[in-house]
Amino acid sequence: MASPARNSPNNPPDNVKTEDRGEDIQEHSNFEQNRRGGGRGRRRGGGPPFQRFNNPRGRRGFGRSGPGGPPRRLDDSGGPEQEPEIHKESRFQDKLMDKLSQISGPAVDLPPLDIIEKKFSGRNRLYIGNLSPDITEADLQDLLGKCGEFAELFVNKEKNFAFVKFDYYASCERAKRELDGQVLKGKNLKIRFAPNNASIKVKNLANFVSNELLNYAFGVFGEVERAIVCVDERGKPTGEGIVEFARKGYALHAIRKCTERCFFLTESLRPVVVEPYEYTNDTDGFPEKYLPKRNPEYLKARSKGPRLAEMSSFEHEYGLRWKQLLDLFAQKEEGLKKELQMEMEKLEAQMEYARYEHETEMLREELRARELDRERQKQEWEMKERQVEEQRRRNEEQIRRQEESLQARMIHHDEEMRRRQQENNLFMQAHQLHNILDEQEQAFQKPERFESGMDGRDGYGDTKDEDGNMGQPSNSFRRDRWITDRRDDFMPKRRRF
């Protein structure tokens, strides 16, 4: 029995194509999702979600992201403002470049892929057609729950079809085998495998591309569910591969990026060509029950059965014309393939030559850059050497000046000391001479004192008048003048010492 939680139809299905026109049902899915979830944030008064009744801020387009959350900008319809496309594209581009930088290194000895089938993958989807107009989801859930667990169920009552996703491929085969052609409310059910819109076809693969490398390379665009390289009857790669993503958006992103730019998987400069995968059912084919048997064209075509035409009949003549036309198509196709093969070989040779020239030019550029770098280093070394030499010269000149200054100061100090010594010697000689003269003067003054007592002079040779006052000094010996002159001659010396 199917799990009620997994079998709930609330989850919108992937974008798929209908039986008749191949229309996309994503718009209907988005409408259903908005209709179910649009009333969750609705307040009293019938306003749009996340707006309060009679709230002027809400009427101007502001809301809150939650209880106590920051204010959030709302668009004109009342819902949260969508992120600009340019910001999304830049964010995707940054993530893609980060992932490419991580896998750009050598891809040798990749680990083997996990061959276990993933649950609820994009390959496990069935198309159910020819439904009754009064069919309900509960009727289909009861019918499909007998075949296994399913996760998504989408019913289009306007066009009477449905899509369902099972857990495993075996459950899909069982449901198709048991329910195909079964009568449900007066209608014969038509069940077949639905195409996986998240699949892409990869062409122009190099020789050494494996399933692991294909999965490893296209994993940068999104989660990959299955990646295989197609081979022929001898097991050799045909140059094509199939990649199945978990979501359709990943496939569209890979197609857009590989179309706008060149995406390489190996060292070879052969870019891969990515296009949507066209699903072909080679298992069930086209049964008789699907033919419109009431159509007049069907009755006219089936009026004659299989036969061999006569050699000279009308049927044989036009049958040969058809064969000639098909042979011409086969010849042109073969010639075009040979021409394409020759052009590919020529391009390979040109690519190798261009690679050699490019590598040579890169080596030249590298050598030129090294020479320029070496020349720059040489100039830097010469400049540093000149700076060191100039600094050494400046230091020597400074030392020489300091030595000359010190020597000049020492010479000046010696001359000053010598001059002072000479002055001291002269002062000592003058002092000695003064002492000698003092002794001689004292020796001369002794007889004069004796005579002064006799002729009315004092002991120093000065005359006195009758009243006893000192008179004019005699001109016989003027000692004070001689001493004064002598002292004036040596006055700086006496004051200094």
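**Salt bridges, buried polar residues and a nonpolar surface patch**

Arg226 forms a salt bridge with Glu244, in which the closest N and O atoms are 2.9 Å apart, a salt bridge being a side-chain nitrogen of Lys or Arg within 4 Å of a carboxyl oxygen of Asp or Glu. This pair links distant parts of the chain, since Arg226 belongs to strand 10 (residues 224-231) and Glu244 to strand 11 (residues 237-245), 18 residues apart; helices (H or I, at least four residues) and strands (E, at least two) are DSSP runs, numbered from the N terminus. The structure is a predicted model, in which local features need pLDDT of at least 70 and side-chain atom pairs count only at pLDDT 80 or more, whereas totals for chains, interfaces and linings use all residues. Residues are numbered from 1 along each chain as its sequence is written, and side-chain values use heavy atoms, with hydrogens and water left out.

The two partners are covered to unlike degrees: Arg226 is partly exposed, with a relative accessible area of 29%, whereas Glu244 is buried, with a relative accessible area of 7%. Here buried means under 20% relative accessible area, exposed means over 50%, and partly exposed lies in between (1.4 Å probe, protein chains only). Glu244 is also in contact with Ser199, a residue of strand 9 (residues 199-203) that counts as buried at 4% relative accessibility. Neighbours within four places in sequence left aside, the other contacts of Ser199 are Val243, Pro276 and Tyr277, where contact means heavy atoms within 4.5 Å. The side chain of Ser199 is further joined to that of Asn196 by a polar contact of 3.2 Å, that is, a pair of N or O atoms within 3.5 Å, of which, within protein, one must be able to donate a hydrogen and the other to accept it, residues adjacent in sequence counting only if both atoms are side-chain atoms.

A second buried polar residue, Asn124, is found in the loop between helix 3 (85-103) and strand 3 (125-129), and its relative accessibility is 0%. A polar atom of the Asn124 side chain lies 3.3 Å from the backbone nitrogen of Tyr169, and the residues in contact with Asn124 include Val164, Phe166, Tyr168 and Cys172.

Across the whole structure, a search finds 27 salt bridges. One of these joins Arg302 to Glu288, with the closest N and O atoms 3.1 Å apart; Arg302 is in the loop between helix 8 (296-301) and helix 9, and Glu288 is in the loop between strand 12 (273-276) and helix 8, 14 residues apart. Arg302 is partly exposed at 47% relative accessible area, as is Glu288 at 34%. Within helix 9, the side chains of Lys337 and Glu333 meet in a salt bridge (3.9 Å, N to O), and because these residues are four apart in that helix, they are separated by about one helical turn. A network of salt bridges links Glu389, Arg392, Arg393 and Glu396.

Helix 9 (residues 314-455) also holds Leu325, which together with Trp322 and Leu328 forms a nonpolar patch on the surface, with about 340 Å² of accessible area in total. Patches are made of residues with over 30% relative accessible area and no salt bridge, with like charges joined within 9 Å and nonpolar side chains (Val, Leu, Ile, Met, Phe, Trp, Tyr) within 5 Å; accessible areas come from the Shrake-Rupley method with a 1.4 Å probe, and for residues only the protein chains shown count as cover.
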